[in-house]
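Okay, everyone, thanks for making time. Let me put the structure up, and then I'll walk you through it.

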Amino acid sequence: MKINKFILPNGLRVIHHENPQSALVVVNTLYDVGSKDEDPQHTGFAHLFEHLMFGGSVNAPSFDEPIQNSGGENNAWTSVDYTNYYVVLPANNVEIAFWLESDRMLSLDFNPKSLDVQRHVVCEEFKQRCLNQPYGDISHLLRPMLFKEHPYQWPTIGKELSHIEDASLEQVKEFFFSHYAPNNAILSVVGNITLQKCKELVEKWYGDIPSRKINKRQLPKEPQQTELRLLEVERDVPTNLIYIVFHTPDRLSSDFYISDIISDILANGNSARLYQRLVKRDKLFVNVNAYVSGDIEEGLFYLTGYLAEGVDFDTAQKALWKEIEILQQERVEESELEKLKNKFESTFLLNNMDLMNLASNLAFYELLGDVNLINEEVAKYRSLTAEKIQTFAQKVFTKENSSILYYKKKNE
């Protein structure tokens, strides 16, 4: 895949990939700010800005309307590590995206009314997702148990509702000008646009935006977990649920790829081990899963399942640990491993055929350190061996490195 990259004098990194067969262009803006950059007493700000950024800027009172009128679409998401915004437009209307994105990078239209509106929206989302929905508080239960020092200890929506309710205009302004700047952003432009045209539009719309002082991250390192942690809660939910979670190395570690393929060995589809053995054969769970968080810094490996009626937590936990022990004691068959590698490669390539996915992925790999890492992913998965998987399982999947949540339904 041919990828072009250039950097403006103000620090904006620009990634470009041309696809002349497409009728569209995606303009994707990744800001290197996530919930890990928040003050522990003022959490949820990165997610709040996901909403505030659509409230209008100095020279563009409406963000959505010009895009919709031009046949495009846009959206955003927030993670613990970064915030991502994208605009998809017909190629002949792409300059609208550069205008709108650059204007809100220059300065949002900060005013009490806009803050009140978006603060209310976020607070209602917090109530709906975390307070009034079955299993909605799981992240608020798990994260403080898993992280004692690192700011991954709260979810992106925020630690407490009051942190958003009490957010002042001055606090919001300070957060914006400390993070939303060209020298803290990656712009990826993908689709039917030449490199020359991309450079012209980027320099026209972003060239005069001043860089800002971005404080260097000084995040506390999470101490190594040395003993099993267990939390039991009781809620008004239909089914008992269990989580077993392990700390894993960071996203740039070679161990990340091992943890990811182990999650596929255990739970990638109905042919995977957990479904075949624990759902279909033993009927201990009605649904079971394994997945990795993929965080840039120290990540997490999740085992989780909804218990079948009449199955107790002790039995469910032992069954999950048994599957871990099999990984530790028996090497994965080459045929099973090859099947998963092939599946990853086809899924990865297919995923990046979608312009929107490709644009956000290019920005993410640049955030990791080099956009060209995207061209190395398949080879890294191909290099995994049964021996590496077994060694990882023995090292990481220990009782001392685990945190367990029993999420019990109330007795009627």
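So, start with helix 9, which lies across strand 8, strand 9 and strand 10 (299-307). Helix 9 runs at about 165 degrees to strand 9. Before I go on: this is a predicted model, so to speak of local features I need pLDDT of at least 70, side-chain atom pairs count only at pLDDT 80 or more, and totals for chains, interfaces and linings use all residues. Residues are numbered from 1 along each chain as its sequence is written, and side-chain values use heavy atoms, with hydrogens and water left out.

A few terms, quickly. Helices (H or I, at least four residues) and strands (E, at least two) are DSSP runs, numbered from the N terminus. Contact means heavy atoms within 4.5 Å. Axes are lines fitted to C-alpha atoms, for helices over the stretch in contact, and angles run from 0 to 180 degrees between N-to-C directions.

What sheet sits under helix 9? Its strands belong to an open sheet of 5 strands, in the order 7-11-8-10-9, with mixed pairing. Strand 7 (229-235) and strand 9 (285-292) are at the edges with a single partner strand each, so one side of each has no neighbour in the sheet. Neighbouring strands here are turned by 10 degrees against each other on average, direction ignored. Pairing, by the way, takes at least two DSSP bridges between two strands. Strand 8 (residues 241-248) and strand 11 (residues 402-409) run antiparallel, joined by 6 bridges, and Ile-244 has Ile-404 in strand 11 as its bridge partner.

Back to helix 9, and its meeting with helix 10 (residues 273-281): the axes come within 4 Å and cross at roughly 35 degrees. Ile-265, Leu-266 and Ala-267 in helix 9 meet Arg-273, Leu-274 and Tyr-275 in helix 10. By class, that contact has 5 nonpolar residues, no polar ones and 1 charged. Here Ala, Val, Leu, Ile, Met, Phe, Trp, Tyr, Cys and Pro count as nonpolar, Asp, Glu, Lys and Arg as charged, and the others, Gly among them, as polar.

Now the other sheet. This open one has 6 strands in the order 1-2-6-3-5-4, again with mixed pairing. Strand 1 (4-7) and strand 4 (73-78) stand at the edges, each with a single partner strand, so one side of each is left free of a neighbour in the sheet. The twist averages 15 degrees from one strand to the next. Strand 3 (residues 24-31) pairs with strand 5 (residues 83-90) in the antiparallel sense over 8 bridges, and Val-27 stands opposite Val-87 in strand 5. Helix 1 (residues 45-52) packs on this sheet, touching strand 4 and strand 5.

Last, the pockets. A pocket is an open set of points on a 1 Å grid over the protein atoms alone, where a 1.4 Å probe fits, with protein on both sides within 12 Å along at least five of seven lines; lining residues have an atom within 4 Å of a point. Which residues come closest to the centre of the largest pocket? They are Tyr-82, Val-292, Ser-293, Gly-294 and Asp-295, out of 40 lining residues. Helix 12 gives the largest share of that lining, 6 residues. For the second largest pocket, helix 7 (residues 169-179) gives the most to the lining, with 5 residues.
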